[in-house]
Amino acid sequence: MSKLKIIATIIVKPEFKEDVFNILKTVTDATRKEEGNISYILHEDINNSAKVIILEEWKSQEAIDFHNQTDHFLILKNELGKKADSLSIDIIRASY
């Protein structure tokens, strides 16, 4: 089975930018320690500082499912519901 990648794009409400970035740093540190995680990298759009893109690589869907049940992910999910204008998730895999 091929590795899976996730592209998560978040548009943060301006008044919560610092708070969300602090939460994202905590989540990033914890996620990188998960056995099924290959990489988890935060990016900030150079033209829109409210836009955060997380590029993730996972060993399997099971690893993603485990991640989605961790305390750090659930805290992030809850906070983004209040502090982000939008969130999109794309799960992709190499096809060629």
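Q: How much space lies in the largest pocket?
A: About 230 Å³, where a volume is the space filled by probe spheres set on grid points joined across faces, edges and corners. This is a predicted model, in which local features need pLDDT of at least 70, side-chain atom pairs count only at pLDDT 80 or more, and totals for chains, interfaces and linings use all residues. Residues are numbered from 1 along each chain as its sequence is written, and side-chain values use heavy atoms, with hydrogens and water left out.

Q: What makes a residue part of the lining of the largest pocket?
A: A pocket is an open set of points on a 1 Å grid over the protein atoms alone, where a 1.4 Å probe fits, with protein on both sides within 12 Å along at least five of seven lines; a lining residue has an atom within 4 Å of a point. Here 16 residues line it, with Ala8, Glu56, Asn68, Phe73 and Ile89 closest to its centre. α3 gives the largest share, four residues.

Q: How do you know that β2 and β3 pair?
A: Pairing takes at least two DSSP bridges between two strands. β2 (residues 37-44) and β3 have seven, in the antiparallel sense, so they count as paired. Tyrosine 40, for one, has glutamate 56 in β3 as its bridge partner, and a hairpin of six residues joins the two strands.

Q: Why is Ile41 called a contact of isoleucine 54?
A: Contact means heavy atoms within 4.5 Å. Leaving aside neighbours within four places in sequence, isoleucine 54 has such contacts with residues including Ile41, Tyr40 and Leu24.
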